[in-house]
Every structure is written in structure tokens, then in C-alpha cells.
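Visitor: I am new to reading protein models, and I would like to learn how one goes through the features of a fold step by step. Could we take them in turn?

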Amino acid sequence: MIRILIDADACPVKDETYKVAARHKVPVVVVSNSPIRVPQSALISRKVVSDAFDAADDWIVETLEASQGAAHVIITADILLADRCLKLGASVVAPNGKPFTASSIGGAIATRAIMADLRAGGDIVGGPPPFSKQDKSRFLSSLDEVLVRLLRTGKF
């Protein structure tokens, strides 16, 4: 079984995820700290967790740990969550369409740490660029590629 888990509180590509998942008939779980409206579909469910720090992240990781043998695709911009999920064998795609991989996660974590140090030191650093149509297009393509690969290889 393949399942998509969305770290949904600030995710800008929920609707796009639903469309790709419906095309491939893959269930989606929308994980958030507060109720989020989801379409009526047998393939889409919602999991509201507590508002504790990292509660959604922890629920996603616990779900991965408990469902060995299933393939999961995680949609998140959270680099530390991506790292935890990759270590458990999940595929991870950022909302901008860039996949997190075992070879790219180290650099992403290092960049995150550098930026945190700069902010802590009082340096003014900009955030990520605004979400664009190109990001949305890249996300649709990346998610589709991941699902096709998982469905084709049967590694789930």
C-alpha cells in the first residue's frame, strides 16, 4: 500500500496533492494541529493532532514506524521532519517540488543551521522566495514521478 501524508498546517499544495493522488488512487492523510477543510473523498482523511510543538511531525514519524512494509510519500517543507522520514524509508517532496533525498538532506540541514546562526547573531536574512507557478508545476511533476516509481517498482 502507498499512502501520502501531508504536513498540512502551512502546506500550499494540498489541492495539487489531492489531484495527483486521485489520478493514481492513492490515499492521503492531511495531518495538522487544527482542523483543515478537506474534500469529500474516500481517499482523503484528516488527522488533527494536539497543538504541542512538533505534534504533527511526531505523528507522521510514529505512523511511518508503525506501518512497516507500506510506502509513504511525505509532503513537507520541514527539513528536520524530512530527515526523520528519509531515515525511515519514506519518499519526501517539498511543496516547491524539490525532492529530499539521502544525498541532499545533509546539505539542506547544514544550510538551515547556518541560516539559524545568522539570524541568532542579528543578521537580517530573507526567507524563502515567494511560492510561484513554477514551484507548483515542479511539485505536480515531482509527486507524480515519485508515485509512478513506487507503483511501477512495487516496493511497498
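Guide: Let us begin with the sheet, keeping in mind that this is a predicted model. To read a sheet, one follows the order of its strands, and here six strands form an open sheet in the order β3-β2-β1-β4-β5-β6, with mixed pairing. The strands β3 (44-48) and β6 (99-100) are at the edges, since each of them pairs on one side only.

Visitor: How many bridges join β2 to β3?

Guide: Five bridges join these two strands, β2 and β3, which run parallel. As one example of a bridge, Val31 has Lys47 in β3 as its partner.

Visitor: What should I look for when I turn to the interior?

Guide: The general idea is that in soluble globular proteins nonpolar side chains tend to be buried together. In this model the largest nonpolar core has 24 residues, and Ile4, Ile6, Val73 and Ile75 are those with the most contacts inside it. Two or more residues of this core come from each of β1 (2-7), α1 (14-24), β2 (28-32), β4 (71-75) and α5 (133-153).

Visitor: Which element gives the most to this core?

Guide: That is α5, which gives five residues. Apart from this core lies another one, of 21 residues, and Leu64, Leu81, Cys85 and Leu86 are among them.

Visitor: Which residues does Val73 touch, leaving aside those up to four places away in sequence?

Guide: Val73 touches Arg3, Ile4, Leu5, Ser91, Val93, Leu143, Val146, Leu147 and Leu150.

Visitor: How should I read a pocket, for instance the second largest pocket, and how much space lies in it?

Guide: One asks about its space and then about its lining, and in the second largest pocket there lies about 210 Å³ of space. It is lined by 15 residues, of which Asp7, Phe53, Asp54, Asp57 and Asp78 are the closest to its centre. Both α2 (55-66) and α3 (79-87) supply at least two residues of this lining, and the lining residues divide into six nonpolar, one polar and eight charged.

Visitor: Finally, is Gln134 buried or exposed?

Guide: Gln134, whose place is in helix α5, counts as exposed because its relative accessibility is 55%, and exposed means over 50%. Distance along the chain and distance in space can be read side by side: Gln134 and Asn96 are 38 residues apart along the chain, while their C-alpha atoms are separated by 8.2 Å.

Key
Residues are numbered from 1 along each chain as its sequence is written. This is a predicted model: local features need pLDDT of at least 70, side-chain atom pairs count only at pLDDT 80 or more; totals for chains, interfaces and linings use all residues. Side-chain values use heavy atoms; hydrogens and water are left out. A nonpolar core is a set of buried Ala, Val, Leu, Ile, Met, Phe, Trp, Tyr and Cys residues joined through side-chain atoms within 4.5 Å. Buried means under 20% relative accessible area, exposed over 50%, partly exposed in between (1.4 Å probe, protein chains only). Helices (H or I, at least four residues) and strands (E, at least two) are DSSP runs, numbered from the N terminus. Contact means heavy atoms within 4.5 Å. On a 1 Å grid over the protein atoms alone, a cavity is a set of points where a 1.4 Å probe fits but cannot get out, and a pocket is an open set with protein on both sides within 12 Å along at least five of seven lines; lining residues have an atom within 4 Å of a point. Grid points are joined across faces, edges and corners, and a volume is the space filled by probe spheres set on the points. Ala, Val, Leu, Ile, Met, Phe, Trp, Tyr, Cys and Pro count as nonpolar, Asp, Glu, Lys and Arg as charged, and the others, Gly among them, as polar. Two strands pair if DSSP finds at least two bridges between them.
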